[in-house]
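The following paragraphs lead through the interior of a protein chain and then through one of its sheets. Please keep the sequence and the coordinates in view while reading.

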Amino acid sequence: MPHVTHLAPHTTGRAPTDRSAPRHHVRPAAGNWCNDPNGPLFHDGRYHLFFQHNPHAAVWGDIHWGHASSADLVHWTDHGIALAPSPRLPDRLGAWSGCTVVDGGVPTAVYTGMDRDDGIGSVMLARAADPSVGRFEALPRPVVPGPPPDLDLLAFRDPYLFTYEGERWALIGAGHRAAGPRPDVFVYRVGAGGLDEPWRYAGSLLDAGHPAAARHAMPAEAWECPALFPLDGDRWMLVVSLWIAGVTYTATYLTGTLRPHGEGLRFAPDGTGGLLDHGRDFYAPTALVEQDRTLVWGWSWESRAEEASVAAGWAGCLTYPRELGLHPDGTVRHAFARELLGLRGRELGPGDRLPPSYELQVDVRAQAPDAEVTVRLGRAVALRVNPTRGTLTLDRSATPATAPHPYPRTATATATGPAATGGRLRVLVDGPIVEAIWDERLALTEKVHPGPEGEWTVEVTQSAAQTAARGWAHA
Ligand code: FRU
């Protein structure tokens, strides 16, 4: 019987003013550690979201799959552990990242079985033991026992399945030790007779030797958690997470087309790419492809020192779901999932005190070049947009990150997109997690401990601009 609780009892019994932990973001209800989102799935009328989880401590280790589900992408129910490593199987050191598919009507986890300490895994399958996907049961034999022979790799993990022209393919993240090191995404042909037939290695989808990859997806030693989904017609988005010197760094994307190449497929970049999110606390995004949109979740780690997370009893959450697609002009559209409007409660005007969870929306129209508008979240954070320069800046000099992870960082993060005369800034804050999206083009996620407190204000700080600001508390 799965353990079922409402999401984040960690926050129940706490004062409604407590902003030390997210209330609405998916993370293990029992606390402890959470990293990558795994295998988002819509099945039997519910969204299921899995995630890397250490049930024993607020630090990475002994990785299981945690599980939450929701009918509306807003209210989530925690179901405890869905997949546990077994001492008798090749996942004995951890059930690392992967995806899910519905195979013959049965939700199936396709994941990295880890039984070595060098980051090289196998691909394992685990079938849902019941329709509510409360528990996955692993098949004893991997479908891919390990990397192709004769390759000297420093990473091989994170299977991701997709369908191209009616056939099922898989990607696996990798990095070559020699020649660089050089990150790579491998392609496999999934068994035509069934998911559990051995898969066939079909070469590289894209490696860092391609100039567009060298420009948009480096520096890295390995690409973790590849994800690939259609944008429109024959244009696809490839997302990879950059792993360097053993550190998880950031996630980037490239757009392009898929082309048959011998037994396999190659990704032909069209030159567009860059950071998927411009903040420093976003990694390992994965996707759920729906009819009219693709939903994406990332992992947001903590910007505080590890000891502080251990003392708090939890570390890591998933981001809010986002919609990725294209604007009518063919540029990448990056928006909060429309369902999140359902979180809106009491209205908040500029000058009001910030509750622990809320949304702010500021429409900006530049009346002169270099008009700049600053939205202040109390004293902790300032978000600045400069439409004619196409920039969104998060300034946290008043509340610096105390973790050295992923790398020592500057006090500000700036994202640059196309220049425009105006646009809409949406900022969703839930305790310490701040997610901002400028004009459905640039996303920026950071964790701020302690969560911003005080009043919010909107100021025109350079040149002339018109603004219209609204806000809503989230329960
Ligand atoms: C990404 C990652 C994956 C791996 C998982 C282990 O954050 O390193 O490559 O499968 O985490 O938890």
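In this predicted model, Ser241 touches Ala222, Trp223, Glu224, Cys225, Thr250, Ala251, Tyr283, Ala284 and Pro285, leaving aside residues up to four places away in sequence. Ser241 belongs to strand 15. Because its relative accessibility is 0%, and buried means under 20%, Ser241 counts as buried. Its side chain also has a polar partner: a polar atom there lies 3.0 Å from the backbone nitrogen of Ala284.

Strand 15, which spans residues 235-244, leads on to the nonpolar interior, since it supplies six residues, the largest share, to the core described next. That core, the largest nonpolar one, has 38 residues, and those with the most contacts inside it are Phe162, Leu205, Trp223, Leu228, Phe229, Met237 and Phe267. For Met237, the residues touched, not counting those up to four places away in sequence, include Leu228, Phe229, Tyr253, Leu276, Leu324 and Val332. A second, separate core of 30 residues includes Val381, Leu425, Trp456 and Ala473.

Attention now turns to an open sheet of five strands, which run in the order 29-28-27-26-33 with antiparallel pairing. Its edges are formed by strand 29 (412-416) and strand 33 (456-462), each of which pairs on one side only. On average, neighbouring strands of this sheet are turned by 15 degrees against each other, direction ignored. Strand 33 pairs with strand 26 (residues 372-377) in the antiparallel sense over six bridges. Within strand 33, Val460 stands opposite Val373.

Technical notes: Residues are numbered from 1 along each chain as its sequence is written. This is a predicted model: local features need pLDDT of at least 70, side-chain atom pairs count only at pLDDT 80 or more; totals for chains, interfaces and linings use all residues. Side-chain values use heavy atoms; hydrogens and water are left out. A nonpolar core is a set of buried Ala, Val, Leu, Ile, Met, Phe, Trp, Tyr and Cys residues joined through side-chain atoms within 4.5 Å. Buried means under 20% relative accessible area, exposed over 50%, partly exposed in between (1.4 Å probe, protein chains only). Helices (H or I, at least four residues) and strands (E, at least two) are DSSP runs, numbered from the N terminus. Contact means heavy atoms within 4.5 Å. A polar contact is a pair of N or O atoms within 3.5 Å; within protein, one must be able to donate a hydrogen and the other to accept it, and residues adjacent in sequence count only if both atoms are side-chain atoms. Two strands pair if DSSP finds at least two bridges between them. Axes are lines fitted to C-alpha atoms, for helices over the stretch in contact, and angles run from 0 to 180 degrees between N-to-C directions.
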